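This briefing looks at charged side chains, nonpolar packing and one buried arginine, taken in that order. Please read the bullets with the structure open beside them.

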Amino acid sequence: MTDRLPTHLAVGALLRRVNDAGGLGTVLARGDPDSGMVLIVIAERGGNYRLIERGMTADGRSALLPAGPSQADVQDIADYWQRRRRADPDLWVIELDIAQAERLAAETIGIG
């Protein structure tokens, strides 16, 4: 048994928290409701796109780590997550447009 919330509940909580804080959180692709991985597209005021996802640090701790291309434009980001979805249809892809998106994601989906 795991202490981790089903993915759809964790994603829903994160989106509500972002939207309640005045940001914009949207689902770009729905994955497996119980155990799908989550790829997070972060935008700051509609620009400065980057990707993060849950991973493991060198010392074995769970963390949000950079993913995909660095310094990418919106098309590079879309191409990347769409390739990932073709390889893993259980993958959730969400976009957050809010200051301190990484902190909100880490607190809400249980990283840290």
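In this predicted model, D59 and R61 form a salt bridge in which the closest N and O atoms are 3.1 Å apart. D59 counts as exposed because its relative accessibility, 53%, is over the 50% cut-off. In total the count of salt bridges comes to six, and further pairs are described below together with the nonpolar cores and the surroundings of R54 and I109.

**Salt bridges between distant parts of the chain**

- The side chains of E107 and R17 meet in a salt bridge, with an N to O distance of 2.6 Å, and this pair links distant parts of the chain, since E107 belongs to helix α3 and R17 to helix α1, 90 residues apart.
- E107 has a relative accessibility of 43% and therefore counts as partly exposed, while R17, at 33% relative accessibility, also counts as partly exposed.
- R50 and E102 form another salt bridge, the closest N and O atoms being 2.8 Å apart, and here too distant parts of the chain are linked, with R50 in strand β3 and E102 in helix α3, 52 residues apart.
- R50 counts as partly exposed because its relative accessibility is 24%, and E102 is likewise partly exposed, with a relative accessible area of 28%.
- Salt bridges also join into a network, whose linked residues are R17, R103 and E107.

**Nonpolar cores**

- In soluble globular proteins, nonpolar side chains tend to be buried together.
- The largest nonpolar core in this model holds 19 residues, and the members that touch the most other members are L14, I40, I94 and L96.
- At least two residues of this core are supplied by each of α1 (7–20), β2 (38–44), β5 (92–97) and α3 (101–108), and the largest share, five residues, comes from α1.
- Once its neighbours within four places in sequence are left aside, L14 is in contact with I40, I94, L96, L104, A105, T108 and I109.
- Another core, of 14 residues, lies apart from the largest one, and its members include A29, L39, Y80 and V93.

**R54, a buried arginine without a salt bridge**

- R54 is found in strand β3, which spans residues 47–56.
- What is the nearest side chain of opposite charge to R54, and how many Å away is it? That side chain is E53, at 9.0 Å, and R54 is buried yet has no salt bridge; the gap explains the absence, because a salt bridge requires the nitrogen and the carboxyl oxygen to be within 4 Å.
- The side chain of R54 does, however, reach the backbone oxygen of I109, at a distance of 3.1 Å.

**I109 and its surroundings**

- I109, whose backbone oxygen is reached by the side chain of R54, lies in the segment after α3.
- With a relative accessible area of 11%, I109 is buried, because the value falls under the 20% cut-off.
- When residues up to four places away in sequence are not counted, I109 touches A10, L14, I40, R54 and L64; among them, L14 and I40 are also named with the members of the largest core that touch the most other members.
- I109 and V41 are 68 residues apart in sequence, and their C-alpha atoms are 15 Å apart in space.

Methods. Residues are numbered from 1 along each chain as its sequence is written. This is a predicted model: local features need pLDDT of at least 70, side-chain atom pairs count only at pLDDT 80 or more; totals for chains, interfaces and linings use all residues. Side-chain values use heavy atoms; hydrogens and water are left out. Helices (H or I, at least four residues) and strands (E, at least two) are DSSP runs, numbered from the N terminus. Buried means under 20% relative accessible area, exposed over 50%, partly exposed in between (1.4 Å probe, protein chains only). Lys and Arg count as positive and Asp and Glu as negative; His and the chain ends are not counted. A polar contact is a pair of N or O atoms within 3.5 Å; within protein, one must be able to donate a hydrogen and the other to accept it, and residues adjacent in sequence count only if both atoms are side-chain atoms. A nonpolar core is a set of buried Ala, Val, Leu, Ile, Met, Phe, Trp, Tyr and Cys residues joined through side-chain atoms within 4.5 Å. Contact means heavy atoms within 4.5 Å.
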